[in-house]
Amino acid sequence: MGVPLRQQLTVAKYLLKQKIFGVKRYPLVLMLEPLFRCNLACAGCGKIDYPDEILNRRLSVEESLQAVDECGAPIVSIAGGEPLLHKELPEIVRGIIERKKYVYLCTNALLLKKRIDDYQPSPFLTLSIHLDGNRDRHDASVCQTGVFDRAVEAVEMAIARGFRVTINCTLFQGESPEEVAEFLDHTKRLGVEGVTIAPGFSYEHAPLQNIFIRMRDSKELFRKVFKLGRGRGWRLNHSGLYLDFLAGNQSYNCTPWGNPTRNIFGWQKPCYLLVDEGYAPSFRALMDETPWHKYGNSKNPKCANCMAHCGYEASAVEDAMHRPWKAAWVALFGPKTAGGMAPEPKPEYETEAPGAIPVKVRPATRIEVVE
């Protein structure tokens, strides 16, 4: 795992506390989206499909820190949009660090050189930089050339300045195992702390719908990638059992409350990825009033191919707490890369029922970088 021991112990202490007090649903990571505005228009993103009056809205410092206090999760992932466009973000980050929470500041890094002096290296702050594979793959993903090179330059600068740096990688249709392995080798040479990697979620509002990988194909891809990775020393920022799930060896139900989302509309139901399910006015209302039984890849067609870490990492962590011997085995030997796979969930919905949810598709657009 590409996670420092200090952070692992903090999370372990938090998890143990939840078990001692018998809490059945608890957050592991707060997904904080202080804005939706971005300086890129990625083909697989469903987060910027809003009119300007929405894209111009921001969570205030007070609202952001209130969300951190309400939720109580030990980790806060600041996403968007592009968070570095938020003028008060440095104050938000400082407030979270003062609360001894671990912050993952997710960014495409195009503004990082300009804004880096607004932040100070801290064991509680990680710059999570978005790279969807090698140069050609990433630039195609973000629909703009030259972005990969600028992001890599920003990675090198941030590491040289003493910041914790991770890579956030999303895989799409057409990836080859060799290409992914080469990219992970590159991240190792860059010296980043770890890599978060997962298949892309098929956002309904994404401009392109044919780029997302089906669940079975994702599992086959990850098996081949992990087989190539034997002995190569990749640092993946995930639990071993989540990686085993990606390789098709675990049957997990989604744990959407493990990564609750607070954005400009409120507390998003049920998770970071589904944008049309409504919002709760408070964290407690989100936990108590969301119909959790309606979501998951066997319960809802929108979730059918989801293998995202925001839904399944918490499931893997819960499994590790109940079966530590299984987690230890996978940590020691790695995910299984051959043989039969765990059974996939059988849908409990009619995929072509009347009133099925329509998929909205619009042509891909290109947005110039605004600095």
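**Long-range contacts, one helix and its salt bridges**

In the protein chain, 78% of the contacts with a separation of 6 or more are between residues 24 or more positions apart. The model described here is a predicted one. The protein chain contains 13 helices and nine strands, and 57% of its 371 residues count as buried. Its accessible surface comes to about 16700 Å², and 53% of this area belongs to carbon and sulfur atoms.

A good place to start is helix α1. How far apart should the ends of α1 be, at 1.5 Å a residue? The 16 residues of α1 should span 22 Å, and the end C-alpha atoms are indeed 22 Å apart, so expectation and model agree. The buried residues of this helix are Gln7, Val11, Tyr14, Leu15 and Gln18. Viewed down the axis of α1, the buried residues fall within an arc of 95°, which means that they line one face of the helix. The cover over these buried residues includes the strands β2 (75-78), β3 (102-107) and β5 (164-171), along with the helix α12 (309-322).

The face of α1 turned away from the buried side has another set of residues: Leu5, Leu9, Lys13, Leu16 and Ile20 are exposed there. Two of these names, Leu16 and Ile20, come back in a nonpolar surface patch of about 430 Å², which they make together with Phe21 and Val23. Just after α1, Gly22 takes a positive phi of about 70°. Val23 lies in the loop that runs between α1 (5-20) and β1 (29-32). Is Val23 buried, partly exposed or exposed? With a relative accessible area of 30%, Val23 is partly exposed.

Another residue with a link to this part of the chain is Pro123, which has its place in the loop between α5 and β4 (125-130). The C-alpha atoms of Pro123 and Gln7 are separated by 8.6 Å, although the two residues are 116 residues apart along the chain. Leaving aside neighbours within four places in sequence, Pro123 is in contact with Arg6, Tyr102 and Arg164. Pro123 counts as partly exposed because its relative accessibility is 40%, which lies between the 20% and 50% cut-offs.

Thr187 offers a contrasting case. This residue lies in helix α8, and it counts as buried because its relative accessibility is 3%, under the 20% limit. Apart from residues up to four places away in sequence, Thr187 touches Ile167, Val192 and Val195.

Charged residues come next. Side chains of opposite charge can pair when their charged atoms come close. How many salt bridges does the model hold? The count comes to 17 salt bridges. In one of them, the side chains of Lys113 and Glu153 meet with 2.9 Å from N to O. This pair links distant parts of the chain, with Lys113 in helix α5 (residues 112-115) and Glu153 in helix α7 (residues 147-160), 40 residues apart. Lys113 is partly exposed, with a relative accessible area of 49%, and Glu153 is also partly exposed, at 39%.

Helix α7 takes part in a further pairing. Arg135 forms a salt bridge with Asp149, and their closest N and O atoms are 2.9 Å apart. Here too distant parts of the chain are linked: Arg135 belongs to helix α6 (residues 135-141) and Asp149 to helix α7, with their positions 14 residues apart in the chain. Arg135 counts as partly exposed at 42% relative accessibility, and Asp149 is partly exposed with a relative accessible area of 36%.

Helix α8, the home of Thr187, also holds a salt-bridge partner. Asp185 forms a salt bridge with Arg232, the closest N and O atoms being 2.5 Å apart. Asp185 sits in helix α8 (residues 177-190), whereas Arg232 is in the loop between α9 (215-228) and α10 (240-246), so that this pair, 47 residues apart, links distant parts of the chain. Which partner is buried and which is partly exposed? Asp185 is buried, with a relative accessible area of 17%, while Arg232 counts as partly exposed at 27% relative accessibility. Finally, salt bridges that share partners join Arg137, Glu175 and Glu179 into one network.

Note on methods
Residues numbered from 1 in each chain as written. Predicted model: local features only at pLDDT ≥ 70, side-chain atom pairs only at ≥ 80, totals over all residues. Heavy atoms only, no water. Patch = residues over 30% accessible without salt bridge, like charges linked within 9 Å, V, L, I, M, F, W, Y side chains within 5 Å. Areas by Shrake-Rupley, 256 points an atom, 1.4 Å probe, with all protein chains shown as cover. Salt bridge = Lys/Arg side-chain N within 4 Å of Asp/Glu carboxyl O. Helix = DSSP H or I, 4+ residues; strand = E, 2+ residues; numbered from the N terminus. Buried < 20%, exposed > 50% of the residue type's maximum accessible area, 1.4 Å probe, protein only. Expected span 1.5 Å × (residues − 1). Arc of directions from axis to C-beta. Contact = heavy atoms within 4.5 Å.
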